[in-house]
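This report goes through selected features of one protein chain, from its cysteines to its strands, spaces and loops. The sequence and the model come first.

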Amino acid sequence: MTGATVVIKTYGCSMNVNDSEVMAGLLSSHGYKLVDSINDAQIVIVNTCGVKLPTEHRVLSYLSKLNKLTDKKIIVAGCLPKMTLEKIKRAIPNYSAIIGPNGIYDIVDIVRRITTSSNEKIILLDSPLNENRLLLPTYRFSKVSAIVPISQGCLGACTYCSVKFARGNLRSFPLQHIVHQVDSLVSTGYKEIWITSEDVGVYGADIGLTIVDLLNKLIELDGNFRLRVGMMNPASILHFYDELAEVFKDAHIYKFLHLPVQSGSDKILSLMRRFYTVQDFIDIVNTFRKKNPRITISTDIIVGFPGETDEDFALTLDLIENIKPDLVNISKYGDRPNTVASKMPNHVPSKIIK
């Protein structure tokens, strides 16, 4: 059914957006037509996110509404299938396919199969990562800003996070592929490049490199462009943050640091398995500000982690008052499937968290 119309709905992070761009690129290159409206689509792809409980609720609610569209072929993709498969199947029993994050590389075959069979239901949760991802056709949703993933997975073991169940351990993409893609994007007129990953700071740890090595290569490229460096966990850059702050001085790099601290209590950070202390976070921030006085600091806070007391929360308030970050993303703690934290004692009542 080549020539069929496809719409893609995306939830979640910039990595998910780029996953959708890759699916769109692969399908478009095989003769499928991308459309903007579900009404015009024969095939609906929902690229899901499950990092937070409210997002999961929104996704499942949306899938329940799609279940009524019996004239559409519906594919559920992304991280959520590897976290809560049964909930998805209950929300949308009318699904045609459910695929994990790496299922994007098989999207053409999956679409072909579901459009040539009236009743086949496909579940494909575990596909290998395509390390040539950056060489695949990609349909860019923006004409100015381009997302370039540099790795997939992470090295962390955060007790509250289930994303690792979906994305796996760190796999860094080849440095030469990243440099080639950024160079190609800049040469075709893109002005803003988003360097993204689950944790940008761990790039290269599996291939003997660091994010500093990559950025030093990228800032050597010709052209009028800016790099927006994605989220980095404090633990990931503990051993080279001074060097990283120095690279950030380059004119090609936006003076923006997303460094999630999550709590101002060392006790809670230990329970979260974040592998840094509050003082580590303060030292990183101070170093970046010293070398880049105009830098914007963004951080994240989880409120009400299991075992958090009024004293722990007061320490978090003290930290925010001390650091005065420019942006603070605040999340209520919520259990994620199969995480260590979900099984911890001393859960904080929701009314206290609120």
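How many disulfides does the count come to? The model is a predicted one, and the count in it is zero disulfides.

**Cysteines**

A disulfide is a covalent bond between the sulfur atoms of two cysteines. For a pair to be counted here, the two sulfur atoms must lie within 2.5 Å. Cys79 does not meet this limit, because its closest cysteine sulfur, in Cys49, is 6.5 Å away, too far for a bond. Cys154 is likewise in no disulfide. For Cys154 the nearest cysteine sulfur belongs to Cys161, at 6.5 Å.

Are these two residues buried or exposed? Cys79 is buried, with a relative accessible area of 8%. Cys154 also counts as buried, at 18% relative accessibility. The limit for buried is under 20% relative accessible area.

**Strands β12, β13 and β14**

Strand β13 covers residues 296-303, and seven of its eight residues are buried, so the strand is mostly covered. Which strands pair with β13? One is strand β12, residues 256-258, which pairs with β13 in the parallel sense over three bridges. Within this pairing, Phe256 has Thr296 of β13 as its bridge partner. The other is strand β14, residues 327-332, again parallel to β13, with six bridges. There Ile301 stands opposite Ile330 in β14. Between β13 and β14 the chain passes through helix α12, residues 310-323, and this β-α-β crossover is right-handed.

In a regular strand the side chains alternate between the two faces of the sheet.

His258 has its place in strand β12. The relative accessible area of His258 is 17%, and the residue is buried. Its C-alpha atom is separated by 9.7 Å from that of Val328, although the two residues are 70 apart along the chain.

**Strand β7 and the largest cavity**

Strand β7 is largely enclosed by the rest of the structure, because four of its five residues are buried. It runs parallel to strand β10, residues 192-196, and five bridges join the two. In this pairing Ile147 stands opposite Trp194 in β10.

Ile147 also appears in the lining of the largest cavity. How many cavities of 30 Å³ or more does the count come to? The count is one, and the largest cavity has a volume of about 30 Å³. Its lining consists of Asn18, Val22, Arg133, Leu134, Thr138, Arg140, Ile147, Pro149 and Gln181. Two or more of these lining residues come from each of α1 (14-29) and β7 (145-149). By class, the lining has four nonpolar, three polar and two charged residues.

**The second largest pocket**

The second largest pocket has a volume of about 180 Å³. Which residues line this pocket? They are Val6, Val7, Ile8, Ala24, Leu34, Val35, Asp36, Tyr139 and Phe141. Strand β1, residues 5-10, gives the largest share of the lining, three residues. The lining divides into eight nonpolar residues, no polar ones and one charged. Asp36 is in this lining, and Asp counts as charged.

**Two loop residues with positive phi**

Phe275 and Asn346 each have a positive phi value in a residue other than glycine. The table sets them side by side.

| Residue | Phi | Place | Relative accessible area |
|---|---|---|---|
| Phe275 | near 65 degrees | loop between α10 (266-272) and α11 (278-291) | 56%, exposed |
| Asn346 | near 60 degrees | loop between β14 and α13 (350-353) | 59%, exposed |

Why do both residues count as exposed? The limit for exposed is over 50% relative accessible area. Phe275 passes this limit because its value is 56%, and Asn346 passes it because its value is 59%.

**Points to take away**

The predicted model has zero disulfides by the count used, and both Cys79 and Cys154 are buried. Strand β13 pairs in the parallel sense with β12 and with β14. Ile147 stands opposite Trp194 and also lines the largest cavity.

Notes:
Residues are numbered from 1 along each chain as its sequence is written. This is a predicted model: local features need pLDDT of at least 70, side-chain atom pairs count only at pLDDT 80 or more; totals for chains, interfaces and linings use all residues. Side-chain values use heavy atoms; hydrogens and water are left out. Buried means under 20% relative accessible area, exposed over 50%, partly exposed in between (1.4 Å probe, protein chains only). On a 1 Å grid over the protein atoms alone, a cavity is a set of points where a 1.4 Å probe fits but cannot get out, and a pocket is an open set with protein on both sides within 12 Å along at least five of seven lines; lining residues have an atom within 4 Å of a point. Grid points are joined across faces, edges and corners, and a volume is the space filled by probe spheres set on the points. Two strands pair if DSSP finds at least two bridges between them. A crossover is right-handed if, with the strands pointing away from the viewer, the path from the first strand over the helix to the second runs clockwise.
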